[in-house]
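Visitor: I would like a close look at a single part of this protein. Please take one helix and show me what surrounds it.

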Amino acid sequence: MMPLSRLLKIIEDIENSEEFNECQGWMVDDIKIAYDILFGSEHYAQLPDQDDINEYLIMEKFAIDYPDEKVSDELYNAIQGSGAFRYFKDTLLRYGICDNWFRYRDEQIKNIALEWLNELANYLEER
């Protein structure tokens, strides 16, 4: 298997690299696809990343929206300051509501994905 550093170097120099010609046939197609993806082909769309899926904000919304006021307050307090993720998890465990959190988080991530798909569809319709 070709090391990632070598592949990245080949992609970087793809237009005039002698190394590119050394690749096995199946690698050439894969390298061309990788090059297209990395350097701006219009045939690929950037998937949502960690900046688009802000788990802290999802935790905050879960805490605020949780129906039991006492638990809601404790969850919200848990995410204030350093160690927020750990304290949030500890609070979920203490109240036995991990399944509620995972369902909620999964639904929020699903909504982010659906929003991304709608934006992509709108973009493609405008073209």
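Guide: Start with a term. A residue is called buried when its relative accessible area is under 20%, and exposed when that value is over 50%. Anything in between is partly exposed. By that rule, 23% of the 127 residues of the protein count as buried. Keep in mind that this is a predicted model.

Now the overall plan. The protein has 7 helices and 0 strands. Read from the N terminus, the elements go α-α-α-α-α-α-α. The accessible surface comes to about 9600 Å², and 51% of that belongs to carbon and sulfur atoms. Take the contacts between residues at least 6 apart in sequence: 47% of them join residues at least 24 apart.

The part to look at is helix H4, residues 55–65. Begin at its N-terminal end. Asn54 caps that end. A side-chain oxygen of Asn54 lies 3.1 Å from the backbone nitrogen of Tyr56.

Next, look along the helix. Ile58, Met59, Phe62 and Ala63 are buried in H4. Seen down the helix axis, these buried residues fall within an arc of 135°, so they line one face of H4. A general rule helps here. An α-helix has 3.6 residues a turn, so residues three or four places apart point the same way.

What does the buried face of H4 pack against? Its buried residues meet helix H5 (69–78), helix H6 (84–95) and helix H7 (98–126). Take these partners in turn.

H5 comes with its own cap. Asp68 sits at the N-terminal end of H5, with a side-chain oxygen 3.0 Å from the backbone nitrogen of Lys70. Within H5, Val71, Ser72, Leu75 and Ala78 are buried. They cover an arc of only 130° around the axis, which puts them on the same side of H5. The face turned away from that buried side carries the exposed residues Glu69, Lys70 and Asn77. The buried residues of H5 pack against H4 and H6.

Tyr76 also lies in H5. Its relative accessibility is 31%, so Tyr76 counts as partly exposed. Leaving out residues up to four places away in sequence, Tyr76 touches Glu60, Ala63 and Ile64. Ala63 is one of the buried residues of H4. Tyr76 and Tyr87 are 11 residues apart in sequence, and their C-alpha atoms are 10.0 Å apart in space.

Move on to H6. Thr91 is found there. Thr91 has a relative accessible area of 3%, so Thr91 is buried. Apart from neighbours within four places in sequence, Thr91 is in contact with Glu74, Leu75 and Ala78. Leu75 and Ala78 are among the buried residues of H5. Lys89 is in H6 too. At 43% relative accessibility, Lys89 counts as partly exposed. The C-alpha atoms of Lys89 and Met59 are separated by 10.0 Å, though their places lie 30 residues apart along the chain.

Then comes H7. This helix has 29 residues. From its first C-alpha to its last, H7 reaches 42 Å, close to the 42 Å expected at 1.5 Å a residue. Cys98, Trp101, Tyr104 and Gln108 are buried in H7. The cover over the buried residues of H7 includes H4 and H6.

Two of these buried residues lead back to H4. Trp101 touches Glu55, Ile58, Met59, Phe62, Phe88 and Leu92, not counting residues up to four places away in sequence. Gln108 has a relative accessibility of 19%, so Gln108 counts as buried. With the same residues left out, Gln108 touches Ile58 and Lys61.

Finally, put the pieces together. The largest nonpolar core has 15 residues. Those with the most contacts inside this core are Phe62, Tyr66, Leu75, Phe88, Leu92, Ile97 and Trp101. H4, H5, H6 and H7 each supply at least two residues of the core. H4 gives the most, with 4 residues. In soluble globular proteins, nonpolar side chains tend to be buried together.

So trace H4 once more on the model. Start at the cap, Asn54. Follow the buried residues Ile58, Met59, Phe62 and Ala63. Then look across to H5, H6 and H7, which these buried residues pack against.

Notes:
Residues are numbered from 1 along each chain as its sequence is written. This is a predicted model: local features need pLDDT of at least 70, side-chain atom pairs count only at pLDDT 80 or more; totals for chains, interfaces and linings use all residues. Side-chain values use heavy atoms; hydrogens and water are left out. Buried means under 20% relative accessible area, exposed over 50%, partly exposed in between (1.4 Å probe, protein chains only). The arc is that of the directions from the helix axis to the C-beta atoms. Contact means heavy atoms within 4.5 Å. A polar contact is a pair of N or O atoms within 3.5 Å; within protein, one must be able to donate a hydrogen and the other to accept it, and residues adjacent in sequence count only if both atoms are side-chain atoms. A nonpolar core is a set of buried Ala, Val, Leu, Ile, Met, Phe, Trp, Tyr and Cys residues joined through side-chain atoms within 4.5 Å. Accessible areas come from the Shrake-Rupley method with a 1.4 Å probe; for residues, only the protein chains shown count as cover. The expected span of a helix is 1.5 Å times one less than its number of residues.
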